[in-house]
Amino acid sequence: MSVLVYTESEQGTFKKTAFEVASYAKAVANQLGTTVTAIAINTDDTSTLGNYGVDKVLNVKNAQLNEFNANAYAVAIQQAAESESAKVVVVSSSANSKYLAPLLAVGLNAGYASNVVEAPSSTSPFTVKRSAFTNKAFEITQINTDVKIVGVSNNAFGLVENSGSASAEDFSPSIPELGVTIESTDKATDKVTIADAETVVSAGRGLKGPENWGMIEELADVLGAATACSKPVSDLGWRPHSEHVGQTGKPVASNLYIAIGISGAIQHLAGINASKVKVVINTDPEAPFFKAADYGVVGDAFEVVPSLIEKLKAFKAQQ
Amino acid sequence: MKILVCISHVPDTTSKINFTDGDTKFDTNGVQFVINPNDEFGLTRAMWFKEKQGANVTVVNVGGPETEPTLRKALAIGADAAIRVNTAATDSFSVAKQLANVAKDGGYDLVIAGRESIDYNGGMVPGMIAGLTQSNFVNNCINLEIDGTSAKATREIDGGKETVSTSLPLVIGGQKGLVEESDLRIPNMRGIMMARKKPLNVVEPVDADAETTSVSFEKPAPKGAVTLVSPDNLDELVSLLHNEAKVI
Ligand SMILES: Cc1cc2nc3c(=O)[nH]c(=O)nc-3n(C[C@H](O)[C@H](O)[C@H](O)COP(=O)(O)OP(=O)(O)OC[C@H]3O[C@@H](n4cnc5c(N)ncnc54)[C@H](O)[C@@H]3O)c2cc1C
């Protein structure tokens with residue numbers, strides 16, 4: 001009756017969130033006095049999971065799972081949970097995990113809590129804290145079913161080293177017919193995505209036009225950050241919709257969020273409240289973003305950003 | 001084609017979030033309720049199917065009588081009929097079970113739900129309806145085209161988008177992108193008058209125990225004041241981010 005964790009990978013390599021959900025699963029296993037089993041799908045080297053408290057890895061190698069398919073992945077995880085008699089299944093909050101988890105919940109007859117930000121405050125009853133109202137509040141939720149699914153918010157629990165070694169065994173789920181087939185994918189593979197990023201550099205209408213994004217990309221480059229934008233910027237077509245952050249866009253849960261020329265409307269703030277440290281650069285000292293920020297610079301982005309890039313380069317060179 | 005659009009009745013995006021009864025209930029005082037923004041994109045896409053391909057569109061909500069104005073608004077936008085499942089929406093699973101039951105009962109080809117509601121942000125209902133009705137499912141859907149029983153959908157993925165092919169019956173979790181925001185409709189006087197004559201059927205719920213219970217709510221701790229740094233002293237900002245915030 002171990003805790004099962006689904007550790008996501010991309011092109012054979014674990015994503016950072018895989019280690020975060022493993023760390024979370026270990027915390028739950030400690031509370032329950034049990035072990036952690038991970039299911040890894042088409043991953044090359046699973047030994048690193050031992051560093052985050054995983055005791056055993058169910059290694060799935062299956063060409064039908066080369067591309068993500070929510071239904072097929074949900075079935076594979078369900079079969080792993082059943083074979084391990086798992087009482088708790090831990091997944092991340094990536095778009096793919098959020099896609100498969102409700103299907104898994106139906107398959108396992110399991111209550112599912114998404115956007116969970118802390119280890120359970122109690123395991124009997126099983127009670128977790130999750131963010132709700134687009135990060136404007138937290139909800140304390142009790143999961144009443146025998147099997148429970150916890151979706152952990154990105155960067156909320158962090159990585160916890162629990163050194164050990166993970167044994168591996170092959171696991172061969174039987175995959176159902178796929179009702180949904182991928183025709184094509186359009187994705188910039190060399191860029192940090194907003195969901196995975198620890199730092200996000202975001203800019204708004206204050207940048208005046210798409211031709212001014214060069215300095216935003218350069219700043220993001222120096223910081224190893226993902227780029228993002230406010231809604232009007234994507235509506236105007238200055239930046240792709242996938243960069244639009246906020247209540248109707250993407251949520252951000254980075255460690256550092258830098259907002260440049262963004263006013264800080266409530267719908268924008270709702271999407272970034274889960275970020276830990278917020279820096280604002282804006283000409284208007286009355287911009288509402290200053291109330292939500294940790295650090296602020298009242299100044300013109302066209303002067304502040306290039307200068308900040310230089311300072312950061314100098315800082316990096318010294319490190 | 002018969003389309004069912006799930007409509008969540010949520011506090012409007014600018015609402016102040018407060019709780020009552022010892023932080024166990026959402027405080028609806030002074031809050032204006034609207035169609036969940038993700039659902040509004042789906043409803044508008046359904047109108048497109050109705051106008052271009054001759055679909056019949058029903059909207060559905062699980063909730064008490066207080067949600068009827070929101071359903072009437074959807075009727076005024078152009079839906080043909082509305083259903084209210086007469087029970088409080090307690091958890092995602094019980095809501096999904098009611099909606100799955102309506103979907104099966106009515107023999108809908110396409111169920112459009114929003115990726116998530118902006119109040120509880122569960123993001124579970126569309127997938128659960130798909131699981132319960134054994135339908136194909138596309139989440140984070142930003143474009144949908146249907147030809148006979150085949151469907152082509154585009155969904156947002158981390159860092160880009162993906163185009164998939166699938167078939168009806170289909171459930172989607174929709175969001176911005178399904179239609180342009182400028183295409184969202186505001187009910188006009190004629191729509192409002194016509195909505196009065198359209199059926200709004202109240203049906204009783206099927207048995208569906210909640211799997212999760214909302215125990216209480218908390219608001220984030222109040223934030224300290226912002227530390228302002230002069231634009232002429234950005235070294236200080238770098239130093240604060242490194243030494244104090246420890247994020248670079
Ligand atoms: C239903 C609904 C949902 C919404 N969802 C979202 C959402 O998900 N995400 C979102 O972002 N918005 C959302 N909005 C829109 C939101 O209300 C704001 O309109 C939007 O966030 C404003 O974007 P902005 O700050 O880039 O632009 P503006 O409001 O135009 O602000 C630009 C800012 O740039 C500053 N500025 C100008 N020049 C400079 C300069 N040279 N240097 C530095 N600063 C400068 C200005 O002082 C100003 O503060 C939503 C709105 C509604 C009604």
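**Exercise 1. The ligand site**

Which residues come nearest, of the 27 around the ligand? Find them, then describe the site.

*Solution.* The model is predicted.

Step 1. The nearest residues are A:Ser230, A:Ser263, A:Gln267, A:His268 and A:Asn282. The ligand itself lies between chains A and B.

Step 2. Look for polar backbone atoms. One of A:Val245 is 2.8 Å from a nitrogen atom of the ligand. A backbone N or O atom of A:Gln247 is 2.9 Å from a ligand oxygen atom. A polar backbone atom of A:Gly261 lies 3.0 Å from an oxygen atom of the ligand.

Step 3. Consider the cover. On its own the ligand has 990 Å² of accessible area, and the protein covers 77% of this.

Step 4. Assign the shell to elements. In chain A, α5 (231-235), α6 (266-272) and α8 (301-318) are the elements that give two or more residues to it.

Step 5. Sort the shell residues by kind. There are 6 nonpolar, 16 polar and 5 charged residues.

**Exercise 2. The sheet with 10 strands**

Give the strand order of the open sheet with 10 strands, and explain why its edge strands each have one side without a neighbour.

*Solution.*

Step 1. Trace the order: β13(A)-β11(B)-β10(B)-β9(B)-β12(B)-β8(B)-β1(B)-β6(B)-β7(B)-β13(B). The pairing is mixed.

Step 2. Go to the edges. β13 (181-187) of chain A and β13 (200-203) of chain B stand there. Each has a single partner strand, so one side of each has no neighbour in the sheet.

Step 3. Check the turn. On average, neighbouring strands are turned by 30 degrees against each other, direction ignored.

Step 4. Take one pair. In chain B, β8 (residues 110-114) and β12 (residues 170-174) pair in the parallel sense over 5 bridges. B:Gly114 has B:Gly174 in β12(B) as its bridge partner.

Step 5. Add the helices. Helix α4 (residues 125-133) of chain B packs on the sheet and touches β1 (2-6), β8, β9 and β12 of chain B. Its direction makes about 175 degrees with that of β12(B). Helix α3 (residues 95-108) of chain A lies across β9 (136-147) and β10 (150-157) of chain B. This helix runs at about 90 degrees to β9(B).

**Exercise 3. The sheet with 6 strands**

Trace the open sheet of 6 strands and place two helices on it.

*Solution.*

Step 1. The order is β15(A)-β14(A)-β16(A)-β17(A)-β18(A)-β15(B), with parallel pairing.

Step 2. At the edges stand β15 (226-229) of chain A and β15 (227-228) of chain B. One side of each is left without a neighbour in the sheet, because each has a single partner strand.

Step 3. β14 (residues 199-203) of chain A runs parallel to β15(A), joined to it by 4 bridges. Opposite A:Ala203 stands A:Cys229 in β15(A).

Step 4. Helix α4 (residues 214-223) of chain A lies across β14, β15 and β16 (256-260) of that chain, at about 170 degrees to β14(A). α8(A) lies across β16, β17 (277-282) and β18 (295-298) of chain A. Its angle to β17(A) is about 130 degrees. Recall that α8 of chain A also gives residues to the ligand shell.

**Exercise 4. Backbone details in loops**

Locate two cis peptide bonds and one positive phi.

*Solution.*

Step 1. A:Ser124 and A:Pro125 are joined by a cis peptide bond, with omega about 0 degrees. A:Pro125 sits in the loop between β8 (122-123) and β9 (126-132) of chain A.

Step 2. B:Leu168 and B:Pro169 are also joined by a cis bond, with omega about -5 degrees. The loop between β11 (160-167) and β12 of chain B holds B:Pro169.

Step 3. A:Gln11 is not a glycine, yet has a positive phi of about 45 degrees. A:Gln11 lies between β2 (9-10) and β3 (13-14) of chain A, in the loop.

Key. Residues are numbered from 1 along each chain as its sequence is written. Chains are lettered from A and ligands numbered from 1 in the order in which they are written. This is a predicted model: local features need pLDDT of at least 70, side-chain atom pairs count only at pLDDT 80 or more; totals for chains, interfaces and linings use all residues. Side-chain values use heavy atoms; hydrogens and water are left out. A residue is near a molecule or strand if one of its heavy atoms lies within 4 Å of it. A polar contact is a pair of N or O atoms within 3.5 Å; within protein, one must be able to donate a hydrogen and the other to accept it, and residues adjacent in sequence count only if both atoms are side-chain atoms. Accessible areas come from the Shrake-Rupley method with a 1.4 Å probe; for residues, only the protein chains shown count as cover. Ala, Val, Leu, Ile, Met, Phe, Trp, Tyr, Cys and Pro count as nonpolar, Asp, Glu, Lys and Arg as charged, and the others, Gly among them, as polar. Two strands pair if DSSP finds at least two bridges between them. Axes are lines fitted to C-alpha atoms, for helices over the stretch in contact, and angles run from 0 to 180 degrees between N-to-C directions. Contact means heavy atoms within 4.5 Å.
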